[in-house]
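Please open the model in the viewer and keep the selection panel at hand. The tour proceeds from one group of helices and strands to the next.

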Amino acid sequence: MHPGPWALRSRRVVRPDAPVGPATVLIEGGRIRDVLAGDGVALPPDMPVVDAGDSVVSPGLVDSHVHVNEPGRTDWEGFTTATRAAAAGGVTTLVDMPLNCIPVTTRRAALEEKLRATAGQLWVDVGFWGGVVPGNAGELGGLAEAGALGCKAFLVHSGIDEFPNATEADLRAAMPKLRDAGLPLLAHAELDIDQAGTLGGFLEPPATTPLGRADPRRYAGYLRSRPAAWEDAAVALLIRLSRETGCAVHVVHLSSAASLPQIARAKDEGLPFTVETCPHYLCLEAEAIPDGATEFKCAPPIRERENREALWRGLAGGVIDLVVTDHSPCTPALKGRERGDFVAAWGGISSLQLGLPAIWTEARRRGHGLTDLATWMGARPAALAGLGRRKGRIAPGLDADLVIWNPEAEVSVDAQQLYFRHKLSPYLGQRLLGRVEKTLLRGQLVYDGDHHAGRPIGAPLLGRDTRT
């Protein structure tokens with residue numbers, strides 16, 4: 001916002017290990033030079049000052065689970081639309097998933113092609129996960145060298161034939177490679193019936209009517225088709241493999257609260273095991289999903305109200321580490337809202353711009369505060385991606401990635417105000433708390449009120465930050 005050193009002050013600054021209160025953030029060269037607590041901080045008379053008043057100044061959010069889909073499927077989403085939506089939602093760093101793009105990011109050459117596709121398109125900082133698929137263990141070192149922040153595997157069909165699911169043998173080949181490279185394995189933790197036999201027989205067939213024989217418009221049928229036991233079995237396998245290999249494991253988009261006890265035991269054991277959940281699992285509930293409303297379809301599915309409340313308890317107790325959106329858009333035709341067919345519809349929730357107000361609305365209702373939000377959606381996702389010394393907190397030496405927002409302001413979710421490519425989301429029409437006023441990336445304004453400011457200024461984030 002200013003070429004030289006400048007100051008941003010507010011009566012509500014969210015700092016790590018300190019109460020929310022008045023402070024002045026000194027910014028120079030795109031980084032936070034210092035944070036001065038209290039009112040009336042004396043500054044040099046020639047230093048520009050921006051006073052945010054009662055608006056909250058929080059660290060920019062880090063969304064470590066986003067499907068941008070470029071190159072190859074930019075009719076689903078793309079770097080320009082995704083990163084502009086991120087900026088409008090207070091997200092200053094996102095990490096892109098390795099599937100849905102063409103080619104999938106399972107080889108170094110594919111990552112390099114994706115990097116070329118970002119040129120001139122990034123409104124926020126973007127990092128990249130690589131992928132683990134059958135037979136590519138030998139590629140993981142090259143992905144690490146090219147800057148991948150970790151690698152993701154599916155334990156069930158990904159929905160994309162080019163990104164097949166990994167078996168236990170594939171994971172055993174990949175995890176030592178990732179461990180030696182200092183990278184985590186991210187895992188979509190579901191095991192279907194067919195895989196159960198090859199991965200240790202963790203699963204008993206659920207006593208449900210197969211989806212193919214049910215009304216495909218009924219959400220209840222889709223929910224039964226992916227039971228919580230699928231997640232619980234996959235989590236058990238991942239805990240065992242983490243114990244055996246020493247590889248850090250991160251479970252993406254946990255929806256089954258039944259897995260929380262075994263996750264808590266793994267953490268108590270000291271295993272490098274972390275877990276995320278998503279706004280749709282914390283804010284929505286199966287009982288309220290209308291039949292035919294395919295904008296609610298995702299995998300794992302949104303479960304019942306009681307399960308949702310148990311997830312909140314797991315988050316509050318530290319068993320769940322972080323909250324990210326899993327923004328997974330597609331074209332309206334693939335989502336199939338007109339047909340309302342849960343079998344045929346693509347599974348994924350569009351919410352990149354809406355994570356902050358969605359989570360804040362529910363968190364505040366349950367007595368959680370601004371520091372909790374910044375931890376769940378800033379500091380911990382940054383740490384997962386190896387960017388914790390640079391992103392996710394308001395502290396000296398870190399990037400000046402900041403969001404100025406009003407937590408008391410009500411936001412009506414209107415399609416005309418959304419920046420991601422296709423305006424189809426289960427949050428449309430909802431009234432949420434938390435209006436983003438300004439977003440700063442390395443001290444530069446990338447979002448201002450109802451319009452964007454500045455220009456694309458982000459750059460790929462390659463490799464984990466090893467600064468001491």
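Contact here means heavy atoms within 4.5 Å. The model is a predicted one.

**First stop: α4 and α7**

Select helix α4 (residues 168-181) together with helix α7 (residues 228-245); their axes come within 10 Å and cross at roughly 45 degrees. Because of this angle, α4 counts as oblique to α7. The crossing of α4 and α7 is right-handed. To view the contact itself, display Glu168, Leu171, Arg172, Met175 and Arg179 on the α4 side. Their counterparts in α7 are Leu237, Leu238, Arg240, Leu241, Ser242, Glu244 and Thr245. Colouring the residues of this α4–α7 contact by character gives five nonpolar, two polar and five charged.

**Second stop: the six-stranded sheet**

Next, select the open sheet of six strands, whose order is β9-β10-β11-β12-β13-β14 and whose pairing is parallel. Which strands stand at the edges? They are β9 (130-131) and β14 (322-323); each has a single partner strand, so one side of each lacks a neighbour in the sheet. Moving to β12 (residues 249-252) and β13 (residues 273-277), one finds two parallel strands joined by three bridges. Val249 may be selected here with Phe273, its bridge partner in β13. Helix α4 now returns to view, for α4 packs on this sheet and touches β10 (151-154), β11 (185-188) and β12. The direction of α4 makes about 145 degrees with that of β11.

**Third stop: α12 and α13**

Select helix α12 (residues 355-365) and helix α13 (residues 370-384), which pack at an angle of about 135 degrees with their axes 11 Å apart. This angle is why α12 is described as oblique to α13. The crossing in which α12 passes α13 is right-handed. Gly355, Leu356, Ile359, Trp360 and Ala363 form the α12 side of the contact, and they meet Leu370, Leu373, Trp376 and Met377 in α13. By character, the residues of this α12–α13 contact comprise eight nonpolar, one polar and no charged.

**Final stop: β1 and its partners**

Select strand β1 (residues 6-13) and strand β2 (residues 21-28), which pair in the antiparallel sense over six bridges. Arg9 stands opposite Thr24 in β2. Then add strand β4 (residues 49-51), with which β1 pairs in the parallel sense over three bridges; Ala7 stands opposite Val49 there. Lastly, add strand β5 (residues 56-59), joined to β1 by parallel pairing over two bridges. In β5, Val56 is the residue opposite Arg12.

Terms used. Residues numbered from 1 in each chain as written. Predicted model: local features only at pLDDT ≥ 70, side-chain atom pairs only at ≥ 80, totals over all residues. Heavy atoms only, no water. Axes fitted to C-alpha atoms, helices over the stretch in contact; angles between N-to-C directions. Helix = DSSP H or I, 4+ residues; strand = E, 2+ residues; numbered from the N terminus. Parallel < 35°, antiparallel > 145°, perpendicular 65-115°, else oblique. Left-handed = near helix turned anticlockwise from the far one by under 90°. Nonpolar A, V, L, I, M, F, W, Y, C, P; charged D, E, K, R; others polar. Pairing = 2+ DSSP bridges.
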